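Grab a pencil and work through the exercises below with the structure open beside you. Each task comes with a solution that goes step by step.

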Amino acid sequence: MRVTLKDVAEKCHVSATLVSAVLNNRHGKVRYTGETREQILAAAKELGYQPNIVARTMASRRSPVVGVMLATDSIGIADGNFAYFNQIFPTLTELLNEKGLEVLFVPFRNEKEQLAKLARLTGAGLVGSIITNIISDSYQEIVPELQKLAMPYMILGNPQEFDCHCVYTAFDFSWSSNFTKHRKLKKSVMVTSIDGEINYYQLPFQDDYFWASQPLNWDFCRENVDEILFICTDLSVLHALPQLPENVILISKDHLIPPGIPAVICHPGYQERLKYTAETISSWLSTGQAPLPHKVCLKPQNVSEFINFAPEELPDFGLKQQCVKNIVS
């Protein structure tokens, strides 16, 4: 049977509150003599008392554990092909560990599950802060709950309607306009995959963020396929297209590029976003001060390299990537 504070208190004929103060080395409102302290320490050692770390964390509401909540699907995690998880979780874990913080991975599949898990984690005091991404068009309830937290939080993404703590990245598509004109096309769309579903967002985006734009449907794109430049956000999206258009460009974070496919090698601030998140959470936990400003957009001003482009189609600006922090009040 586990020895409790009450057991130590009964042996010493004192209150459990006094025992807790001595064993946690607190000298606030509870006062005690050196003799009483030695008596309690000796009794605790004799009885084999071991502190309940989880209970202590729940009582203090302070924890070195960060809950990282990411929208996932079980198939993607199981087969190792979940690109977003692979981009985010290992690096974020390492960065938080460097700050002396441990990480608890909490997957969720929809906002209802996200809300339930958030309530469970914070209600039990199992984490001291929360980092989470959000699902497009499904964050109307979770963001207000995060804003109510009496602990640090950070959203990976940009909930347009809310003034909250978040950080997000934006691709640089400044080159696409000239390329579209060169090919004598009428539109350019970014093709991305969200929750396993292919979505098409017309450029330029509203507020420079694709979530603020309404996606086009494939039927529209198919009917106008000869007039559209399709820009795929990674190789898996390219393979998932219902058909491979003639006018397609791959945005790649590595050099795994099919022969003949024009590609832009671009790292749109992923590392910077995770560094900002880890530094902010660590500072917030240690100082108790929420960061300012509320929203941070990390946007590369230039792209790094163009592959398989015809010489006359290459954009006329420097190829060295620079990632800058745009502050949104």
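**Exercise 1: backbone oddities**

At 73% relative accessibility, His 13 counts as exposed, where exposed means over 50% relative accessible area, buried under 20% and partly exposed in between (1.4 Å probe, protein chains only). Before going on, note that this is a predicted model: local features need pLDDT of at least 70, side-chain atom pairs count only at pLDDT 80 or more, and totals for chains, interfaces and linings use all residues. Residues are numbered from 1 along each chain as its sequence is written, and side-chain values use heavy atoms, with hydrogens and water left out.

Task: find where His 13 sits and work out what its phi is.

Solution. Step one: look in the loop between α1 and α2 (16–23), and there is His 13. Helices here are DSSP runs of H or I with at least four residues, strands are E runs of at least two, and both are numbered from the N terminus. Step two: read off phi, which is positive for His 13 at about 60 degrees, although this residue is not a glycine. Most residues other than glycine have a negative phi.

Task: do likewise for Asn 308; is it buried or partly exposed?

Solution. Step one: go to the loop between β12 (305–307) and β13 (323–328), where Asn 308 lies. Step two: its phi is positive too, about 65 degrees, and Asn 308 is not a glycine. Step three: with 39% relative accessibility, Asn 308 counts as partly exposed.

**Exercise 2: a peptide bond**

Task: which form does the peptide bond from Leu 203 to Pro 204 take?

Solution. Step one: find Pro 204 in the loop between β7 (197–202) and α10 (218–223). Step two: check omega, which is near -5 degrees, so the Leu 203 to Pro 204 bond is cis. Most peptide bonds are trans.

**Exercise 3: helices against α3**

Task: how do α2 and α3 cross?

Solution. Step one: their axes (lines fitted to C-alpha atoms over the stretch in contact, with angles from 0 to 180 degrees between N-to-C directions) come within 10 Å and cross at roughly 90 degrees. Step two: that makes α2 roughly perpendicular to α3, a label for 65 to 115 degrees. Step three: Leu 18, Val 19, Val 22 and Leu 23 of α2 touch α3 residues including Ile 40 and Leu 41, with contact meaning heavy atoms within 4.5 Å.

Notes: Angles under 35 degrees count as roughly parallel, over 145 as roughly antiparallel, 65 to 115 as roughly perpendicular and the rest as oblique.
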